[in-house]
Amino acid sequence: MRPSLQVSVSSIMPTLLALFLVTASYGAIKLPPLLSDNMVIQRDRPIRLWGSADVGEKVTVRFKQKSYQTVAGHQGEWSLLLDPSVAGGPYILEINEHVLHNVMVGDVWVCSGQSNVDLPVYRVEDLYKQLTDTLKRNEVRLLKITNDTHIAGTEEALADTRWRVLAPENVSDFSAISYFLGNDLYEKTGIPQGVIASSWGGTPIQSWIGEEYIKKYPHYYNEMLLTRNNEYVAQVNIAAQVAGRAWNSLLYRLDPGVREKWYAPDYNDSHWQTVNQYDNGSWTRTKNGPFNGSYWFRQEIEADPAHAGEEALLRVGCLVDADSTYLNGVLIGTTGYQYPPRKYRIPAGLLKAGKNVITIRLIGGSNAAFIKDKPYKIVYNNGNEQPLSTQWKFRHGTFMPQQRVQAIGIQNIATACYNSMIWPLRHFPVAGVLWYQGESNTGRAEEYESLLGDLMEDWRNIWKEPSLPFFIVQLPDYMAPTNTPSESGWVSLRESQRRATLNDINAELVVGLGLGEWNDIHPLRKKELAERASLEIRKKVYGQPVAVTPRLESGEIKGSQVILTFSDPITGDKEGNVYDFELSENGHTYRNAEAVANKNKVYISSPEVEKPVSVRYAWRNTPPRANLKGRNNLPLPTFQWDKPQ
């Protein structure tokens, strides 16, 4: 028989009441993610604080020896304004029971765009590891906006995120360009800096613009309306998932390399052909035409006994598209798409003295490739490196059809990122915006100037800052160099970016030329690019007397010669020669031209062009000899000048 349990009501009631009061008090005030420990609030501006509470709840804020009060409204919402503050900190900010620590007052920047803003610090460690492993700045704070979409309209709430201090343990996954920008601005101004990275790889500009502006573009607006049909999106994505699983399942089931274990170290590959990894023009084709499916590569390497059994790093460059990589029959790494560098850790005990076998199963179409000028090697713990051979034993695996059904990525639809990742920021004052995007819009480059102008106007409106400064990164060099005039969406989009800044007195161009990589859409020199952006910001926002990229101011035609005038002195080579200029008599066909720089002018002519009407400079995806520069060797951008009508 159980003993009876007797507890007096009078003894338990005080405990229950206390628990209720603590719970009610703690849950009454809720803050948005932007308001957290370590945040930076914009100096010299009234600062809006906001959140939710119980209806009628009294909200008290204490900051810098001042107290502010308000009451939650009929829907539980509350907001109030703090007085403007000068730069400084750290401070404590109290909002009822919430105590926010380590708060700074300084300048806040939004860095937005697609994958080159997304590109994290860990991807650029090969260049800057000594810095990123040691640098700590309590005066620089970073906030990464979590990827989120909404297509039906704007959202008030951000996905959960928190401010972090710039320190080695906090930055690995943070936007590299944003990290370097915040640090450089602090070093050069002494003002605390906060950087908000709100970006999403692969997204087009229209996904970052609000509905009222997107109505001007029916092709994007109507696509947005279509994707508001949840059933349509769900059915397409279900079909894509089914198709993808079926395709991959069939590939795996039919692939003889999987069945016969072509990755096994003792597999006999003597009957395979030998190919050069860069000669993909031959190994991506068969007698039946371009190949699509699985490609298999094997090579032997000899390891020194001193490295036997130790951990190491296998680097197999960048591959198009997906790969599974084996060492001595053990899968050591896999990557699902082409852009990430392959850095695969070799576990202890796997590497043997003498012969070892590396096997790569590559999944791709007729564009499958080993990207040139990337590292293909083993890196040992003592820093020694062993390069891989470019020669591989090779065999096709399974010939597959193209995948026919593609999913709908809502993040790529007009307004989707704006609604969830920009609109909720609008109450938080900022000093300006760095915009680095355009790679996904090169197919319609001619409309980008208008879209970018609309984005800037839209964001200024929601922040209620008509002169909010924008700094636009012009796309850098990318794709194979060409020595002859050429047309491409990539270079045309560069010009659209430049023209958008010419039409806007509160926008400046940040030149990317010289910092790109012809073989990688994600160039690594983000520190140098951030420093160029910092120069433009320091000149425009801080009024510092720094050298920036000269601006093209005017042009004139004298006979067969065009003379361009710039805002500052410009230079070419030691003799003043400037390369990668082109002239045209009709604005359509361009010829290579000779050019000479003298002071702040460039003189351009061509024996093939008697009556020029248009000039282009660096009008190639990767201009091989473009050398027009201002002070501090700052390169000039891709540009076009046309004779006034």
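Helix axes are lines fitted to C-alpha atoms over the stretch in contact, and the angles between them are taken between N-to-C directions. In this predicted model, the axes of helix 4 (residues 176-189) and helix 13 (residues 526-540) come within 8 Å. They cross at roughly 45°. Angles under 35 degrees count as roughly parallel, and the perpendicular class runs from 65 to 115; helix 4 is therefore oblique to helix 13. The crossing is right-handed. On the side of helix 4, the contact involves A176, I177, F180, L181, D184, L185, K188 and T189. Helix 13 contributes K526, K527, L529, A530, E531, A533, S534, I537 and R538.

A second helix pair is formed by helix 11 (residues 448-463) and helix 12 (residues 489-502). Here the axes lie 8 Å apart, and the packing angle is about 40°. Helix 11 and helix 12 are therefore oblique to each other. Their crossing is right-handed. Helix 11 supplies Y448, E449, L452 and M456 to the contact. The partners in helix 12 are L493, S496, Q497, R499 and A500.

Helix 7 spans residues 230-254, a run of 25 residues. From its first C-alpha to its last, helix 7 reaches 36 Å. This is close to the 36 Å expected at 1.5 Å a residue. The N-terminal end of helix 7 is capped by N229. A side-chain oxygen of N229 lies 3.1 Å from the backbone nitrogen of E231. Within helix 7, the buried residues are V233, N237, A240, G244, W247 and L251. These buried positions pack against one helix and three strands: helix 6 (218-227), strand 14 (293-303), strand 20 (354-364) and strand 24 (391-399).

E508 is located in strand 27 (residues 507-510). Its relative accessible area is 18%. Buried means under 20%, so E508 is classed as buried. The side chain of E508 makes a polar contact of 2.6 Å with the side chain of R551. Beyond four places in sequence, E508 touches F470, F471, I472, T501, E536, K540 and R551. Among these neighbours, R551 is thus also the polar partner of E508. T501 falls within the residue range of helix 12, while E536 and K540 fall within that of helix 13.

Several backbone features also stand out. Most residues other than glycine have a negative phi, and most peptide bonds are trans. Two cis peptide bonds are described here. One joins G89 and P90, with omega at about 5°. P90 belongs to strand 6 (residues 88-95). The other runs from V320 to D321, with omega near 5°. D321 is placed in the loop between strand 16 (319-320) and strand 17 (322-327).

Positive phi values occur at two asparagines. N102 has phi near 60° and is not a glycine. N102 is found in strand 7 (residues 98-113). N632 likewise has a positive phi, of about 60°. N632 sits in the loop between strand 33 (614-617) and strand 34 (639-642). The relative accessible area of N632 is 61%. The cut-off for exposure is over 50%, so N632 counts as exposed.

Note on methods. Residues are numbered from 1 along each chain as its sequence is written. This is a predicted model: local features need pLDDT of at least 70, side-chain atom pairs count only at pLDDT 80 or more; totals for chains, interfaces and linings use all residues. Side-chain values use heavy atoms; hydrogens and water are left out. Helices (H or I, at least four residues) and strands (E, at least two) are DSSP runs, numbered from the N terminus. Buried means under 20% relative accessible area, exposed over 50%, partly exposed in between (1.4 Å probe, protein chains only). A polar contact is a pair of N or O atoms within 3.5 Å; within protein, one must be able to donate a hydrogen and the other to accept it, and residues adjacent in sequence count only if both atoms are side-chain atoms. Contact means heavy atoms within 4.5 Å. The expected span of a helix is 1.5 Å times one less than its number of residues. Axes are lines fitted to C-alpha atoms, for helices over the stretch in contact, and angles run from 0 to 180 degrees between N-to-C directions. Angles under 35 degrees count as roughly parallel, over 145 as roughly antiparallel, 65 to 115 as roughly perpendicular and the rest as oblique. A crossing is left-handed if the near helix is turned anticlockwise from the far one by less than a right angle, and right-handed if clockwise.
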